[in-house]
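Student: I should like a close look at a single part of this model, set in the context of the whole chain. Please take the salt bridges as that part, and then relate them to the interior and the surface.

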Amino acid sequence: MTDKYVRQLTGWSLILGSLLVNIPYTLLISNFDYPDILRAPVDQVLRQFAAGGSGLIYTWLAFAWVGLPLLFASIMLKRLPEFSGAALSETASTIGVIGFVMQVVGLLRWVFVVPLIAQSYLDPLASATTKASLATLFQVVHQYGGVVLGEHIGQLFMIIWMLLLSTIIYRSMSLPKWLAWLGWLAALIYSLAQTELLATVLPTIPVIAWAGLVGSLLWLAWMASLGIIILRQKNAQQLDTN
């Protein structure tokens, strides 16, 4: 592929992915009390999940996969001249892919695992012992698939990806420095959200409750900005050629 084509694909993938992620995210906020529901009692989570029906399952499925353009962009970035010559480019690409995959794996538990647990838990014929076992099973799946894979490993790798790319951007002669500072700021704030994850097993740790939402929004804004700048550089190159 030509540099022009790679630039277009990468830029639009960053913009499209950043915008698409907000659609299921907003639906989950309005229909499932997300993200507060993640730390609610098991009985409340499963009943509220079951009440959402198939529409809620489709929303989680969309949430897992609408970010696919961002995965594609993280791979394509290293092919652009601004990134291809950087020593950190290959490392950043690998870490970005791992981060995206871990987040998808974590989200898909709501599509393929939680519905089965909720159905069995809410079965009128289920005994108290069965319900207690299912509640424990949900907690294990929720903690490992959600907190460990999706939120801890997935988010942490995305933070590292953002830090590495921001460093490359800062060193670049053709990319604006403010974009690097925005990436570093977003990564710092997003990393503070890890306190909420640690609090699930260490309740005495101070939790910075606002860091998750603010960090994720800054992360999406940073990626969309990077996409716009990549496309504008393409346009600038075309003007120079003409």
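Tutor: The account below begins with the overall chain, turns to the salt bridges, and then moves to the core, two serine residues and a surface patch.

The model is a predicted one. Its protein chain contains 11 helices and 0 strands, and the order of elements from the N terminus is accordingly written α-α-α-α-α-α-α-α-α-α-α. Along the principal axes, the C-alpha atoms occupy a box of roughly 75 × 40 × 25 Å. The chain has 242 residues, and 47% of them count as buried. Among contacts with a separation of 6 or more, 78% are between residues 24 or more positions apart. The accessible surface amounts to about 12,000 Å², and carbon and sulfur atoms hold 69% of that area.

Within this framework, the structure has 6 salt bridges. One of them joins the side chains of Arg39 and Glu196, with an N to O distance of 2.5 Å. This pair connects distant parts of the chain, 157 residues apart: Arg39 belongs to the loop between helix H1 (3-32) and helix H2 (42-65), while Glu196 belongs to helix H10 (residues 194-198). Arg39 has a relative accessibility of 31% and is therefore classed as partly exposed. Glu196 is also partly exposed, because its relative accessible area is 24%; the buried class would require a value under 20%.

A second pair has a local setting. Arg47 and Asp43 form a salt bridge whose closest N and O atoms are 3.1 Å apart. Both residues lie in helix H2, and their spacing of 4 residues corresponds to about one turn of the helix. Arg47 is partly exposed, since its relative accessibility is 42%. For Asp43 the value is 31%, so Asp43 counts as partly exposed.

A third pair consists of Lys78 and Glu90, where the closest N and O atoms are 3.4 Å apart. Lys78 sits in the loop between helix H3 (68-76) and helix H4 (81-84), and Glu90 sits in helix H5 (residues 89-107), so this salt bridge ties together parts 12 residues apart in sequence. With a relative accessible area of 25%, Lys78 is partly exposed. Glu90 reaches 48% relative accessibility and is therefore partly exposed, given that the exposed class begins over 50%. In addition, a network of salt bridges links Asp3, Arg7 and Glu82.

The interior offers another view of the chain. The largest nonpolar core comprises 67 residues, and Trp60, Trp161 and Trp222 have the most contacts inside it. Helix H8 (residues 128-171) supplies 12 residues, the largest share of this core. When residues up to four places away in sequence are not counted, Trp161 touches Ser74, Leu77, Ala92, Ile95, Gly96, Trp219, Trp222 and Met223. Trp222, named above for its contacts inside the core, is thus listed among the partners of Trp161.

Two serine residues can be examined in the same manner. Ser18 is located in helix H1 and is buried, because its relative accessibility is 3%. Its side chain reaches the backbone oxygen of Leu14 at 2.7 Å. Apart from neighbours within four places in sequence, Ser18 is in contact with Leu70, Leu220, Met223 and Ala224. Met223 is also listed among the residues that Trp161 touches.

Ser225 lies in helix H11 (residues 211-241). Its relative accessibility is 18%, and Ser225 therefore counts as buried, the limit for that class being under 20%. With neighbours within four places in sequence set aside, Ser225 is in contact with Trp178, Leu179 and Leu182.

Helix H11 also leads to the surface. Leu217 lies in this helix and is partly exposed, because its relative accessibility is 41%. Together with Trp210, Leu213 and Val214, Leu217 makes a nonpolar surface patch of about 360 Å².

To return to the part requested, the salt bridges include the pair of Arg39 and Glu196, 157 residues apart, and the pair of Arg47 and Asp43, both in helix H2. They also include the pair of Lys78 and Glu90, as well as the network of Asp3, Arg7 and Glu82.

Notes: Residues are numbered from 1 along each chain as its sequence is written. This is a predicted model: local features need pLDDT of at least 70, side-chain atom pairs count only at pLDDT 80 or more; totals for chains, interfaces and linings use all residues. Side-chain values use heavy atoms; hydrogens and water are left out. Buried means under 20% relative accessible area, exposed over 50%, partly exposed in between (1.4 Å probe, protein chains only). Contact means heavy atoms within 4.5 Å. A nonpolar core is a set of buried Ala, Val, Leu, Ile, Met, Phe, Trp, Tyr and Cys residues joined through side-chain atoms within 4.5 Å. A salt bridge is a side-chain nitrogen of Lys or Arg within 4 Å of a carboxyl oxygen of Asp or Glu. Patches are made of residues with over 30% relative accessible area and no salt bridge: like charges are joined within 9 Å, nonpolar side chains (Val, Leu, Ile, Met, Phe, Trp, Tyr) within 5 Å. Accessible areas come from the Shrake-Rupley method with a 1.4 Å probe; for residues, only the protein chains shown count as cover. A polar contact is a pair of N or O atoms within 3.5 Å; within protein, one must be able to donate a hydrogen and the other to accept it, and residues adjacent in sequence count only if both atoms are side-chain atoms.
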